[in-house]
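User: Please take a close look at how the strands pair in one sheet of this model, and then set that part in its wider context.

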There are 2 protein chains.
Amino acid sequence: MSKTNVISYLNDQPFGRLPILGVSPSVEGGRWPAKAVVGEVVPFAATVFREGHDSLGVELLLTAPSGKQSVYRMTPGDPGTDRWLTSAWLQEKGQYRFQIRAFGDDYDTWHHNATVKIAVGIDEDLMMLEGIALFNRGATEKGRSAQSAKLFLTLAEELANQKRPAKDRLAIAEADVVLKAVAAEPIRSLITLSDEWVIDCERERAGVGAWYEFFPRSEGAVFDAKTKTWKSGNFKTAALRLPAVKAMGFNILYMPPIHPIGVAYRKGPNNTLQAGPQDPGSPWAIGSADGGHDKIHPDLGTEADFKAFVKTATDLGIEIALDLALQASPDHPWVKSHPEWFTTRADGTIAYAENPPKKYQDIYPINFDNDPQGIYFEVLRVVNHWISFGVKIFRVDNPHTKPVAFWEWLIAEVNREFGDVVFLAEAFTRPAMMHALGKAGFQQSYTYYTWRNTKHELETYLTELSQHTADFFRPNFWVSTPDILTQYLQFGGPAAHKIRAAIAATASPSWGMYAGYELCESVARPGAEEHIDSEKYEYRPRDWAAAEKSGRSIAGYITKLNQIRAAHPAIRQLRNIDFHHTDDSAILAYSKRIAAEHTVANQEDVILVVANVDPHAVRETTVHLDLAKLGLPYGSSFEVTDLITNQVFTWSSDNYVRLDAFLEPVHIFKIGKLV
Amino acid sequence: MSKTNVISYLNDQPFGRLPILGVSPSVEGGRWPAKAVVGEVVPFAATVFREGHDSLGVELLLTAPSGKQSVYRMTPGDPGTDRWLTSAWLQEKGQYRFQIRAFGDDYDTWHHNATVKIAVGIDEDLMMLEGIALFNRGATEKGRSAQSAKLFLTLAEELANQKRPAKDRLAIAEADVVLKAVAAEPIRSLITLSDEWVIDCERERAGVGAWYEFFPRSEGAVFDAKTKTWKSGNFKTAALRLPAVKAMGFNILYMPPIHPIGVAYRKGPNNTLQAGPQDPGSPWAIGSADGGHDKIHPDLGTEADFKAFVKTATDLGIEIALDLALQASPDHPWVKSHPEWFTTRADGTIAYAENPPKKYQDIYPINFDNDPQGIYFEVLRVVNHWISFGVKIFRVDNPHTKPVAFWEWLIAEVNREFGDVVFLAEAFTRPAMMHALGKAGFQQSYTYYTWRNTKHELETYLTELSQHTADFFRPNFWVSTPDILTQYLQFGGPAAHKIRAAIAATASPSWGMYAGYELCESVARPGAEEHIDSEKYEYRPRDWAAAEKSGRSIAGYITKLNQIRAAHPAIRQLRNIDFHHTDDSAILAYSKRIAAEHTVANQEDVILVVANVDPHAVRETTVHLDLAKLGLPYGSSFEVTDLITNQVFTWSSDNYVRLDAFLEPVHIFKIGKLV
């Protein structure tokens with residue numbers, strides 16, 4: 001047996017001298033980087049322990065994209081878990097790297113032993129000698145600051161002063177100045193470094209934003225009752241709606257595809273198979289003689305009109321998000337130029353979309369396997385084309401029907417050149433695929449929020465999103481889409497619309513709304529969870545001013561929600577949600593807190609939401625607050641201000657609430673000063 | 001932008017063409033190999049899915065240490081999870097490697113579409129054409145067997161026969177022979193391989209065994225009442241007890257340290273500070289003028305005596321496990337020869353064990369950091385020394401007070417040369433350390449079983465051990481040790497002893513018992529959860545024959561338990577435990593099942609344990625069985641035979657039981673034939 005070198009073994013082998021396991025944030029053992037956005041407060045954790053009774057110190061070593069290094073001392077988590085915790089406010093865009101450093105905290109070990117022994121008069125001289133050795137070693141350590149080295153030498157001398165009782169000498173060695181010095185520069189042994197882990201920190205809008213969706217062809221569309229003809233809205237008329245979108249506080253405007261629409265098998269109103277000559281067709285049936293994914297529908301205007309539209313939005317502080325829907329109508333130019341990008345059936349025809357026996361003959365799915373080199377780069381070209389118009393956000397239609405590997409390639413390629421481009425995955429499918437798309441690079445994802453309406457469902461789902469999947473899956477809570485109209489909204493009236501918007505806007509850093517929600521449009525196609533007369537197949541101009549005048553609009557409520565979001569950084573965080581117990585099965589209570597040092601204003605921000613999720617009733621109950629989660633002392637009373645109504649209450653740990661669905665179904669409290 | 005090669009990207013990038021995630025068994029993302037033992041049925045799982053509606057096939061490719069490759073078709077787990085499952089019976093010692101293979105199951109896709117469409121008369125010709133293309137492609141695939149190629153060509157011809165209706169042609173293409181052929185050799189596309197994962201498969205005793213512990217000095221020790229002197233037992237007298245140990249069905253005998261015992265600060269009876277001249281001292285205070293860890297206590301005999309003892313045991317089919325307790329008495333030769341292997345305090349003295357202000361002056365802990373090269377290799381030398389005596393099992397004392405990295409090094413070094421050597425970790429500490437020791441290489445671990453006495457505790461803990469930690473942590477359920485005597489045993493009498501033994505012996509593949517348990521020795525030192533007059537500090541000869549005669553012994557019960565274990569392979573598995581509901585909070589019910597193809601006898605084995613964990617009462621309740629977990633059809637009735645009493649009952653899904661703690665507190669049923 002040849003003798004291994006134990007020292008080099010200890011430096012290389014899987015377990016370090018002090019074990020460091022279960023490092024978080026991490027995604028599948030480091031197979032993909034963890035995700036964060038600029039401004040996010042990211043919790044870090046690791047399982048670290050040592051044999052025996054001596055003290056352990058644990059630190060997070062964080063290197064920002066700029067190269068700036070920071071050290072955070074970690075603190076123990078729940079007893080018995082050996083978890084060590086800290087959090088860091090990430091403020092730079094790019095790749096953060098981090099390691100966990102464990103070490104024997106030799107001062108603390110000595111201090112503990114000396115305290116216990118001197119209290120009972122044991123080993124007093126020995127503990128003084130041990131202290132002298134400790135401080136002398138500390139003083140001469142490499143990297144020790146001159147100031148602390150000097151302090152340590154003084155301490156060593158003081159401990160050697162046999163004229164004073166040991167307990168007095170110990171008192172000197174545990175003075176505040178000493179504790180501060182050893183906290184800032186510990187006296188370490190057995191220093192062990194974990195592997196290096198990576199966090200991709202993207203721009204804020206990758207994770208935080210208020211989205212609004214409209215069909216530009218509807219905004220300004222005019223029906224001539226005499227000729228029974230429609231005149232389509234366009235970028236110029238749609239631009240007139242942008243100030244109102246801005247006024248409601250939205251910062252991203254998403255539009256369904258703006259490209260030419262196919263004629264073959266075009267769908268008529270309510271998804272019928274026969275389209276009349278006046279029916280504009282579904283914007284998702286992309287491609288006609290006028291062109292494909294890189295062209296603008298002639299009815300909407302020219303490229304110059306689109307540029308002007310983008311500029312108007314940008315000047316208002318609104319970003320434009322385009323739809324990336326990778327499918328073609330039978331009239332798409334690709335069908336002729338690149339039939340290999342589709343699937344040819346055994347009879348020589350091109351395969352349309354099917355879910356046998358259902359047929360969707362207006363749509364040809366893309367085949368990504370026949371000619372990956374060709375189709376991958378064509379899609380990249382299309383994306384780059386729209387980026388050249390100033391578009392930096394893409395809402396991706398049905399990404400789960402395309403290969404995950406394709407998305408991973410595309411997003412990496414785009415982000416390599418344009419790091420600010422954000423892709424939102426519109427995948428409504430099983431969790432494994434939705435999570436995989438997040439890992440593959442999608443900056444943001446649609447969620448199951450639409451179908452999570454009860455208190456229990458919301459608590460469970462928000463816990464999953466904020467605790468279990470936050471490292472790779474950034475939720476966007478859409479309260480409505482052109483595709484989905486749940487029974488909750490169909491039958492819940494304005495109360496339901498307010499409740500769903502208030503929870504989406506406060507629980508999730510990103511939320512979204514499809515035009516018409518502010519008018520509580522909620523008539524379903526009979527038997528379906530979809531809007532009747534869906535805008536997907538028809539022009540749908542809305543008389544916003546008339547709705548406002550008649551009091552049918554909740555735009556004012558939406559505006560208030562977005563104002564509250566803008567004013568309160570705690571709300572814009574994903575991972576900081578805590579739930580509080582209430583005695584009623586329909587009263588949901590949660591809070592979000594951010595520490596002063598993690599805010600631009602250097603001011604703690606604590607928000608408490610208490611929502612009646614039953615849109616049909618008045619509910620009364622008691623809310624039991626976990627004061628520690630609010631950063632409040634046990635037994636305290638404090639001011640809460642409802643940011644919706646401006647009412648001020650004095651609350652403590654147990655509080656009566658009455659929430660009338662027909663008046664104000666949701667409290668959004670700012671936690672104020674102790675009273 | 002240079003054009004990446006998409007094809008080579010798809011071969012290299014993290015996501016394969018078909019995503020494969022969450023592969024199990026695995027330990028921390030592959031940082032350590034997963035564990036198994038020869039004869040273990042290991043469950044495999046992976047999250048695999050594809051975009052769109054087409055069919056997916058998933059396989060486990062398993063390569064045995066001998067190089068033999070096996071393919072297991074995986075089946076879907078719970079709906080919506082995208083988990084795919086199978087299990088494999090590992091029968092070779094050494095390193096298994098495995099990959100998950102995903103592929104488009106093109107026959108199944110075609111068959112599904114053809115079935116749905118032809119049923120409603122759509123696309124009949126097209127589906128025949130698609131089928132012809134499918135079978136022609138399948139027939140010419142590389143690696144296709146001649147037999148199935150021929151079948152596919154015939155099928156292609158049959159499908160082309162336009163004289164027959166499409167539904168008749170489809171019937172031919174879905175005949176049993178076709179389904180068998182495509183199951184055995186699927187027609188694949190988009191073949192994707194996962195990373196390779198590793199399982200260390202160790203010999204059976206690494207995970208499965210019945211352990212007995214005795215102090216050899218007690219067996220045959222004689223007190224001379226006249227001279228008031230003790231004559232120590234030794235290997236020769238202790239060997240006389242081995243046939244009884246064998247008769248009870250134990251296959252491993254563990255002895256506390258057999259080395260010379262220190263004199264300095266030797267502990268007297270009941271851990272008192274003053275030992276009298278007749279007190280033998282704790283065997284864990286290792287080392288005296290007679291030598292250290294590589295020497296035998298002179299009272300026990302010579303090296304030749306020990307060899308003879310090992311031979312006697314081996315001939316009986318009992319393996320000897322020695323204690324590896326890495327600490328020294330102040331009299332240990334290392335203290336003089338290698339003071340650097342201990343910690344020298346600032347006053348020049350060697351540090352004894354302390355938990356300030358408590359002092360353990362009879363023990364010097366080893367320092368593994370002063371001279372790792374020296375001490376690591378010295379321990380390796382000691383272990384190799386005992387291996388040369390035929391010892392292949394080491395029970396390691398307090399491994400959690402030594403560096404984990406040291407154990408990882410030592411076990412790897414030992415196992416590299418002696419693959420059969422097994423280390424059992426006696427760590428009673430927090431979960432993180434206990435789990436880390438398993439990952440570091442310990443083949444087996446003591447557990448919290450001693451402190452899990454209620455039904456809820458047992459269900460929770462057994463679920464953790466069988467489901468969550470089984471890939472790296474192999475439990476050994478000790479019902480007693482010289483250190484621990486729980487209140488449950490102190491006050492539960494023979495019923496408690498039978499209950500605890502029956503559950504340990506059936507729930508865990510490894511279980512253990514310290515001598516005296518069969519006599520229900522349960523008098524505690526007042527105020528402690530320890531035996532009074534602990535054998536650790538005294539000779540403790542037992543009159544086994546008298547106990548047997550007076551009916552004080554439960555050795556017969558223990559014997560029966562070990563016989564049942566030996567006869568029933570289902571019991572010797574770790575990962576196959578299922579719980580069943582009972583209406584009583586103290587009646588625990590669990591079953592273990594092994595499929596016929598996973599047994600040497602090629603016979604299914606199903607065991608159902610129903611235990612009253614309340615040792616003070618008669619309990620009556622209804623046991624509600626999950627028949628699917630027992631491999632039984634819904635609504636069936638079947639024979640159950642109590643292997644303790646040989647009583648036979650007819651049971652079905654809901655069954656009345658009455659368990660009298662004072663008669664037979666536990667049913668161990670073998671599930672028999674349907675009635």
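Analyst:

**Strand pairing around E6(A) and E7(A)**

Strand E7 (residues 83-89) of chain A pairs with E6(A) in the antiparallel sense, the two being joined over two bridges. Within this pairing, Thr75(A) has Leu85(A) of E7(A) as its bridge partner. The model is a predicted one, and in it this pair belongs to an open sheet of four strands in chain A, which follow the order E1-E3-E7-E6 with antiparallel pairing. The edges of the sheet are formed by strand E1 (20-24) and strand E6 (75-76) of chain A, each of which pairs on one side only. In general, the strands of a sheet pair through backbone hydrogen bonds, in either a parallel or an antiparallel manner.

Antiparallel pairing is also found in chain B, where strand E32 (residues 666-674) is joined to strand E27 (residues 605-612) by five bridges, and where Val610(B) stands opposite His667(B) of E32(B). E32(B) pairs as well with strand E29 (residues 638-642) of chain B, again in the antiparallel sense, over four bridges; here Asp642(B) has Phe669(B) in E32(B) as its bridge partner.

As for the two chains, a turn of 180° with a shift of 0.1 Å along the axis lays chain A on chain B with an RMSD of 0.1 Å. The two copies are therefore related as by a two-fold rotation axis, and the C-alpha of chain A nearest to that axis belongs to Gly29(A), at 2.6 Å from it. Because 99% of the interface residues of chain A are also interface residues in chain B, the copies meet through the same surface.

Key:
Residues are numbered from 1 along each chain as its sequence is written. Chains are lettered from A and ligands numbered from 1 in the order in which they are written. This is a predicted model: local features need pLDDT of at least 70, side-chain atom pairs count only at pLDDT 80 or more; totals for chains, interfaces and linings use all residues. Side-chain values use heavy atoms; hydrogens and water are left out. Copies are superposed by least squares on the C-alpha atoms of residues with pLDDT of at least 70 in both. Contact means heavy atoms within 4.5 Å. Two strands pair if DSSP finds at least two bridges between them.
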